[in-house]
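Hi,

Here is the structure I promised to pass on. Have a look at it first, then read my notes below.

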Amino acid sequence: MKSNQYKLILYAFMLLSVIWACKKDEDQVKLPPSILNSPELITSMVLRFTDSTNISNIIFAEFRDPDGRGGNSYTKFDSIKLSSNKTYFLNVIILDETKNPLDTISKEILKEAKDHLFCFTPLGSSAVVTITDKDENNNPVGLQSKWRTSSAGNGFMKIVLKHQANGLKNGTCSPGETDIEVNFNTKIQ
Amino acid sequence: MRKLYVHIFFFITATNFLAQQILLPKTECNLSLQGKVIDEHDKSALELATIYIKELNTTATSDENGNYEFKNICPGIYNIKINHFNCQPLEEKIVLTKNTVKNFFQEHHANQLNQVEVSAKKIEEQSIQIRNDVSAEKLNQSKGQSLGEALKNITGVTTLNTGNSISKPIIHGMHSNRVLVINNGIRQEGQQWGIEHAPEVDPFIANKISVIKGANSVRYGSDAIAGVILVEAKPMRDSAGISGEVNLVGMSNGKAGTSSACLEGKFNELKAFSWRVQGTLKQYGTVSAPNYILINTGSNEYNFSYALGWKKENYGIDIFYSQFNTTLGIFGASHIGNLSDLKNAFKSEIPLETGPFTYEIVRPFQHIEHELFKAKSYLLTGENGKLSLTYARQYNLRYEYDKHRPLDDSLVNLDKPDLQFELTSHSTDLIWEHNSFKHFNGSIGVSGITQGNTYEGRVLIPNFRSHNGGIFMIERWRKNRFELEGGVRYDYRWMQIYKYQYIANAIYELISPIHKFENITGNLGAIFKKDSTLNISLNFGSAWRAPSVNELYSNGLHHGAAALEFGNNKLQSERTNNIIFTTRYTPSKKLMVEISTYYHYITNFIYRKPSLYPIVTIHGAFPSFNYTQTDASLLGCDFYLNYKINKQFEITSKASLLRAWDITENNWLMMMPSDRYEAEIIYRFKKYKKINSSYLSASTLFVTKQWRVPANSDFAPPPREYFLFNIHSSCSFKIKNQNIELGFSIFNLLNQTYRDYLDRFRYFTDAIGKNYVVRLTVPLNILINNKSIKK
């Protein structure tokens, strides 16, 4: 083969390299994707208490952190106000309020119940919590529970959602990582 | 991956044409060789050129049409020399097996007879600052490990690790954006700001890795506050032939295997052209600490590069392309939900999650790709210098997957990373270097970089576009025992941010502020060489760094670190004024001592200041950090000694000390390496039969406890001091004229349990235990050279 043919191939190759390397660049930086398309957020935890003696008596307590893990602090942090020495049924509702319509994360948690566990830790005047719902492996979940309140006074109830995937879940709170952790003030009257 | 195939395809098609020429021999003595002698440049026929066959001692002369002819030649390999009065002599090797037509292209240089002398004059390297190389022996020992691990062999260089697989170099206590990596002459542009983002460079590309310690903005641009790491490939082949090298590395810890191969060549027919192709594959399984397995610490890597060169005596073009791809598992137990999880992790003696050995990588993990394309051309500008123009494009892609997959199944199926960054950079440099003129030589240049960054997924750093320009001049004066160097540079940086700012109540607003930075930096150095035994150098340097985008705008949770980080868009450029005093004393061939003392005074030093109260979010409480500025002083000393007791025994000793002080706060600075001492004793065996350059060495490293930290500023107190022992050995032997090299090392020989202050996994786990490493290097000197046969 002749030398100029080599050269031709070589130049063609070099040129192609350059074209190839430059091809896919966009010269403009796009605007960032809308925050609404960001991966799922957890922004709010709503506690819905039903009085066992009067089912029309419903009490809410809410924690709202509209930017989720964004790093700004909460905007709403209710105390749990319940009557003393009574039994309540609790539904825990977890929401992503940045989505429209708002996204009920608790449904997803229910779907993956075998990987999740709510843990309730009372301190001072608070309540004794019994989890009433079970996952497919007969382990507690905690979206639903029964609260027996103590005598009047102030205290805390720490509610933690543990993510215990890959078979880590064993009914206790130690394994896994924390998805949600809110330490509510309790006011038992 | 698709791109990789396309590049391989191009390469193969380009080289195939050339490789097809190799055929098997025949024997008859009636062959003819004929052809034309042609001017390389204007393709005109050259009359009266003499064609001389060395082996046969015969000549032919070209006619007015440039034609020549030889008859009745035996098959064989011949060296042919072509002379023309106006040209440079041309020599070529020809393998003759049948009647051949061969055209010679001669460089025709009427009245340009000085060219050869000019190109022979080497242009001096443009820095007076002392360069420390990783020795070939140490580079070999670190094969199969990351770039950071190889760099640790230089005194004053340590690493900031995230476990075993992510290793960032620290020079004089500074890392990330303060250290520049120059890969094949190009500034590495990745997501350097992250402490768990290691440089995306395949160490097998390099045949030389060196570090210039100290501020060096003048030559390399902004950010070179702590120093510059130079990763250089072997020069391209300069004689015809094909050669290569295969490297195989096996490690016991992580049952890891690395293979790397390189093939390069140059063809007889095309003297100016040279090529190289190289690739690396790495596979690591989960590694183990002495007492347990660290789950999900496997990783894999596949890299590919090629280089093409076209070199004439007064101009040349180099093209280099490389691709780096890696997937890194992040130790599962280190990825925690919030501060309570972190506290639980500290309390636990062994990591809260552990598991069996596997090669599988699950969440959390990172996937990183880096592409570099470079085209460099140079032109000798007469007798007085060299002009070079370099263009480079880099593309960096980083995917980070959280431990936690999304709850929503539709999101799970998309399998999108939780964090994704894409950074594209284009850079151009135009530099003119001039040769000695009245004891001066130097260079002048301009450079520009434009970058665009985009993210998807969770917000950590915003999108941005930036443009940087710089102009510099360096002059060096040399007379007798003295050398002086001075340089000055001006830089301008423009950056526009695109970001959604959180207003309130889940409402965000798009903002696009513009930041501008400009700076003048300078450099002044002096070397005094008494004779070959004493070399004293003193260098004053200044360097600056614009705050990086994470320091300005990061806002949110850094998951791996379980911390909320807040940038500050009011930050100013930081600047260091640095003095380094180095004495290199070599009284005899047996002894070499180098002591280097340095002092950095850094104004507006940017760091992460812990705030007093944790922030409560729905995920629980998190410690928070704000980027702030302070004035800092870094004072330190690096010491190196090598003493050859006799032909067999040799000792090496190293020490690096650093005191880092926050002047404004009147306290120690966080995250600084503690004092390190190393000693190595080497025994070199005498040559035995075909086995040569074999050695056995034992080394020890002592790292003191870092107690120089501000109180209550860290999640856990710094770990205690530790000793490590390593063993290295190597030998090379000849099989069929190939020099095969076999090496063996044991890292952490005593299987010590230890934690390093600058390993981010120290909060969760011990560092890895004993590791046996076997290395094999097989050179391939094949084909063409004298043996191959041409049509």
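Strand E4 (residues 80-82) of chain A runs parallel to E11(A), and three bridges join the two. (Strands are DSSP runs of at least two residues and helices, H or I, of at least four, numbered from the N terminus; two strands pair if DSSP finds at least two bridges between them.) Across that pairing, Leu82(A) sits opposite Ile188(A). Ile188(A) is also the bridge partner of Gly153(A). That second link belongs to strand E10 (residues 153-163) of chain A, which pairs with E11(A) in the antiparallel sense over eleven bridges. In general, strands of a sheet pair through backbone hydrogen bonds, either parallel or antiparallel.

Is E11(A) mostly covered or not, and how many of its residues are buried? Nine of the twelve residues in E11 (177-188) of chain A are buried, meaning 20 or more other C-beta atoms, placed from the backbone, lie within 10 Å of their own.

One caution: this is a predicted model, where local features need pLDDT of at least 70, side-chain atom pairs count only at pLDDT 80 or more, and totals for chains, interfaces and linings use all residues. Residues are numbered from 1 along each chain as its sequence is written, while chains are lettered from A and ligands numbered from 1 in the order in which they are written.

On to chain B, which has eight helices and 43 strands; 44% of its 791 residues are buried. Five of the strands make an open, mixed sheet in the order E9-E14-E15-E12-E13. Its edge strands, E9 (131-133) and E13 (186-187) of chain B, each pair on one side only. Inside the order, E12 (179-183) and E15 (227-232) of chain B pair in the parallel sense over five bridges, with Val181(B) opposite Ile229(B).

Cheers
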